[in-house]
Amino acid sequence: MKRENRLIIYGIILCLLVVSISGCGREIPEEEIKSIKIGVTVYDQYDTFVSQLIERFNSYASEKETETGIAINLEVYNAADSQSTQNNQVETMLNDRCNVICVNLVDRTEPTTIIDMAEKNDVPVIFFNRELVAEDLERWDKLYYVGAKALESGIMEGEIAASVFKNNPEADKNEDGIFQYIVLEGEAGHQDAIVRTEYSVSTIIEKGVEVEKLNYAIANWNRAQAQTKMAQMLGEYGNSIELVLANNDDMALGAIDALKAAEINPERWPVVVGIDGTSVGLEAVKNGEMAGTVYNDKEGQAKAMLELAYRLSTGGSLSGLDLENGKYIRLPYAKVGPDDVEEYMNRDSRVP
Ligand code: BGC
C-alpha cells in the first residue's frame, strides 16, 4: 500500500476511535434517560449528623424519582474512618458506572486519589460536609462542594452563650462576673472544629462578656468520648465549670451524660451549648438540658446535593442552584433556643 493511503487509513481509524470514546459526541437527551446511578460514601455511618443528612438525601431521591419518572439508584458506602477504604469504594462506584459520586471525605487533606480517578473516568464528584482545601477543589472543573457557612456556626454559638450569661445571673455560679468555660472539640483539623472553637469564644468576648478558659478536650464529634473527657474535667474543675461549649450536639450530650453520671443536681449544671440541631440535640434543648443549639441545615444540604447530583447525571443546566464560584453550595445556620425549638423539631421530623 502506498504511504499516503496508509496515512489516510490510520487517520480514519484514529477518528473512529475518538468518536467512539467520546460517546459519538452525543449526550443522551433527558427525556430518553430512564435511570441514573449516584454513588455516596460517608466517613463514618455512625456519625449522628452525617447519618441524618443521608436519610434526608434518600428521601429527596425518592421524591425526585416520583417527580421525574427517572429511577435513581443509590449506592451508599461506609468508609469506617479509613481513607484507603474510601478510595477503593470510589473505584468500585466508578466501575459500577455511577453518573456522579458524592464523597464525605475521611481525611479532608487527602482527596487526590479520588479526584484523579474521577477525572480519568470523567465522573463529577460532589464533596460534602468535610471540606477540602480550595486548591484541591480547583483541580478539575467537575468538582463541587456542598456544606454550610462554617463561620456562622461558631458566631451563633457564642451569641447564644453570651445572651444566656447576660440574662441569667445564676449562670455565673461563683458570681465573679467571668464566664469560666471548657470546650469540647471535634476532630483535630476538621474545618468546622477549627472555626467553631475560635469564633464561639471570640464572639462571647465581642458581646462584652469576660471569659476564662479552664480547659479543652478533643472528643472527635463523639458522645461517648465527650462523656469521658467531661468526667475528667469535672474531676479537675468540679463546680467551677460554668459553660460547656461543644463543637456539636453529640458532644454536648456526652457532657450532659457525665453530669448525670456524677449525680450533679441539674440546678448546679453549667450552661451547655451545642451545634447541629440533630433530633437528640433538639430534644435536649426542649427539655432544658441544653441552653441552645445552632441548626446545621441537613435538609437544605441534602436537597442541594441531590439536585446537583441529579442535574450532573442528566446533563441538565446548573442554573438557579446558587453555586458560589461555580463550585460551592453553602447553606446558612440558625440559632435555636427554647422559644423556637418546636419549629425545628417539626422541620426535623417532617419526611420530605
Ligand atoms: C457536624 C458534626 C459532624 C461532622 C462530621 C459537622 O459539620 O456538626 O456533628 O460530626 O460535621 O464531619
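This tour goes through the ligand site, the cavities and one pocket of a predicted model.

**Stop 1: the ligand**

Select the ligand and show the residues around it. They are Tyr 43, Asp 47, Phe 49, Asn 129, Arg 130, His 190, Asp 192, Arg 196, Trp 221, Asn 248, Asp 276 and Asn 296. Sorted by class, this shell holds five charged, four polar and three nonpolar residues.

Next, pick out three side chains in turn. Start with Asp 47, which has a polar side-chain atom 2.5 Å from an oxygen atom of the ligand. Move to Arg 196, where an N or O atom of the side chain is 2.8 Å from a ligand oxygen. Then take Asn 248, with a side-chain N or O atom 2.9 Å from an oxygen atom of the ligand. How much of the ligand does the protein bury? The ligand taken alone exposes 310 Å², and 99% of that is buried by the protein.

**Stop 2: the largest cavity**

Hide the ligand and look at the space it takes, which is the largest cavity. Its volume is about 100 Å³. The lining has 13 residues, and those closest to the centre are Asp 47, Phe 49, Asn 129, His 190 and Trp 221. To see which elements contribute, colour helix 2 (48-68) and helix 7 (191-206), each of which gives two or more residues to this lining. By class, the lining of the largest cavity divides into five charged, four polar and four nonpolar residues.

**Stop 3: the second largest cavity**

The model has three cavities of 30 Å³ or more. The second largest of them holds about 60 Å³ of space. To find the second largest cavity, select Asn 129, Glu 131, Tyr 145, Gly 147, Ala 148, Ala 150, Gln 191, Asp 192, Asn 296, Gln 301 and Tyr 333, which line it. Asn 129 is also among the residues closest to the centre of the largest cavity, and Asn 129, Asp 192 and Asn 296 are also among the residues around the ligand.

Which element gives the most to this lining? Strand 5 does, with three residues. Colour strand 5 (143-148) together with helix 7, since both supply at least two residues of the lining of the second largest cavity. The classes here are five polar, four nonpolar and two charged residues.

**Stop 4: the second largest pocket**

Leave the cavities and go to the second largest pocket, with a volume of about 620 Å³. It is lined by 25 residues; to centre the view, select Val 164, Asn 168, Val 271, Gly 288 and Ala 291, the closest to its centre.

Now colour helix 6 (150-167), strand 9 (271-273) and strand 12 (334-336), each supplying at least two residues of the lining of this pocket. Helix 6 has the largest share, at four residues. Finally, colour the lining of the second largest pocket by class: twelve residues are nonpolar, nine are charged and four are polar.

Technical notes. Residues are numbered from 1 along each chain as its sequence is written. This is a predicted model: local features need pLDDT of at least 70, side-chain atom pairs count only at pLDDT 80 or more; totals for chains, interfaces and linings use all residues. Side-chain values use heavy atoms; hydrogens and water are left out. On a 1 Å grid over the protein atoms alone, a cavity is a set of points where a 1.4 Å probe fits but cannot get out, and a pocket is an open set with protein on both sides within 12 Å along at least five of seven lines; lining residues have an atom within 4 Å of a point. Grid points are joined across faces, edges and corners, and a volume is the space filled by probe spheres set on the points. Ala, Val, Leu, Ile, Met, Phe, Trp, Tyr, Cys and Pro count as nonpolar, Asp, Glu, Lys and Arg as charged, and the others, Gly among them, as polar. A residue is near a molecule or strand if one of its heavy atoms lies within 4 Å of it. A polar contact is a pair of N or O atoms within 3.5 Å; within protein, one must be able to donate a hydrogen and the other to accept it, and residues adjacent in sequence count only if both atoms are side-chain atoms. Accessible areas come from the Shrake-Rupley method with a 1.4 Å probe; for residues, only the protein chains shown count as cover. A molecule sits in a cavity or pocket if more than half of its atoms lie within 2 Å of its grid points.
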